[in-house]
Amino acid sequence: MKFLVLESETAEEREARRQRAGKSSGETYAATLTGMVPGAEVTRIAPADADAPHMGLEDIAAFDAVFVTGSPLHVYDDKPEVRRQVAFMRAVFASGVRSFGSCAGLQLAVFAAGGKVRAMTGRIEAAVARGITATEAGRGHPLLAGRPGAWDAAAIHTDEVEQLPDGAVLLAGNGVTRVQAAEIRHDRGVFWGVQYHPELAPGEIAVAIRHQADSLVESGLATDVEAVERRAALLDRLQHDPADSAARWELGVDGEFAEEDGRRRELANFIAAVTQQRG
């Protein structure tokens, strides 16, 4: 299969994430996808870059699916790098290729299709998005196949979807963020997305919350930086041993978060749908 990964970071942000976590967001996605689909051919493109190679509709249509990564960029900021990303996402919709995105990837698709995204003023959802539940539409949607009545997921974001665009269906939410999963039909395309991060392992979430420790304290999520470090250390333990029952208990998570197959459920469901369509 041929996958296109849309990196939603600038060159500087990609390099900064490599220094912190070992990979850019796009490189993490590529590694996840090749692990899930051995032999998959993954191409990365960074449309935020002014010198990104041009890719027309026919070029995009040569791929079986497009994956849109997370990003520290804000889609509501009127900046050249954001405008380039939005234009590329609109081209993905116009190409008719199925697409999937997480975190800022969902927000980019929402914005490109005419919806609204806003800052979570005074709030952050970090490390674990708790108690996500499917809507009535979501309970029968293939994106969420296999999910229990409520589940937790890896998350870290300060923006959220304010309003879904026309042609979108809300699939899941929780008490912090109303839009945790959605389907968007726009132009010729179909997009499935989640506000959380099925592509990330616990160790990568640990890196992310260490990087944003001061913000987590300022937002009131953590009492101090040491509390963030304790949470990160538990995530590191799950990275090395998903069956660590003490770490699971202290984090308050189960296999939907701790185990790779649980975390990646939406990605696996999307890939299965693409495979079925292709066949």
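1. In which sense do strand 3 (residues 65-68) and strand 4 (residues 99-102) pair, and over how many bridges? In this predicted model, the two strands run in the parallel sense, with 3 bridges between them. Within strand 4, Phe100 is the residue opposite Phe67.

2. Now the sheet as a whole. It is open and has 9 strands, with mixed pairing. The order reads 2-1-3-4-11-10-9-6-7. Strand 2 (41-45) and strand 7 (151-157) are the edge strands, and each pairs on one side only. On average, neighbouring strands are turned by 30 degrees against each other, direction ignored.

3. Next, helix 4 on the sheet. Helix 4 lies across strand 1 (2-6), strand 2, strand 3, strand 4, strand 10 (181-186) and strand 11 (189-194). Relative to strand 11, helix 4 runs at about 125 degrees.

4. Then the helix pair. Two packed helices are described by the angle between their axes and the distance between the axes. Helix 4 (residues 80-95) and helix 5 (residues 104-112) have axes that come within 9 Å. The crossing angle is roughly 75 degrees. Angles of 65 to 115 degrees count as roughly perpendicular, so helix 4 is roughly perpendicular to helix 5.

5. Which residues make the contact between helix 4 and helix 5? Helix 4 supplies Gln85, Val86, Met89, Arg90 and Phe93. Helix 5 supplies Leu108, Ala109, Phe111 and Ala112. By class, this contact has 7 nonpolar residues, 1 polar and 1 charged.

Note on methods:
Residues are numbered from 1 along each chain as its sequence is written. This is a predicted model: local features need pLDDT of at least 70, side-chain atom pairs count only at pLDDT 80 or more; totals for chains, interfaces and linings use all residues. Side-chain values use heavy atoms; hydrogens and water are left out. Axes are lines fitted to C-alpha atoms, for helices over the stretch in contact, and angles run from 0 to 180 degrees between N-to-C directions. Helices (H or I, at least four residues) and strands (E, at least two) are DSSP runs, numbered from the N terminus. Angles under 35 degrees count as roughly parallel, over 145 as roughly antiparallel, 65 to 115 as roughly perpendicular and the rest as oblique. Contact means heavy atoms within 4.5 Å. Ala, Val, Leu, Ile, Met, Phe, Trp, Tyr, Cys and Pro count as nonpolar, Asp, Glu, Lys and Arg as charged, and the others, Gly among them, as polar. Two strands pair if DSSP finds at least two bridges between them.
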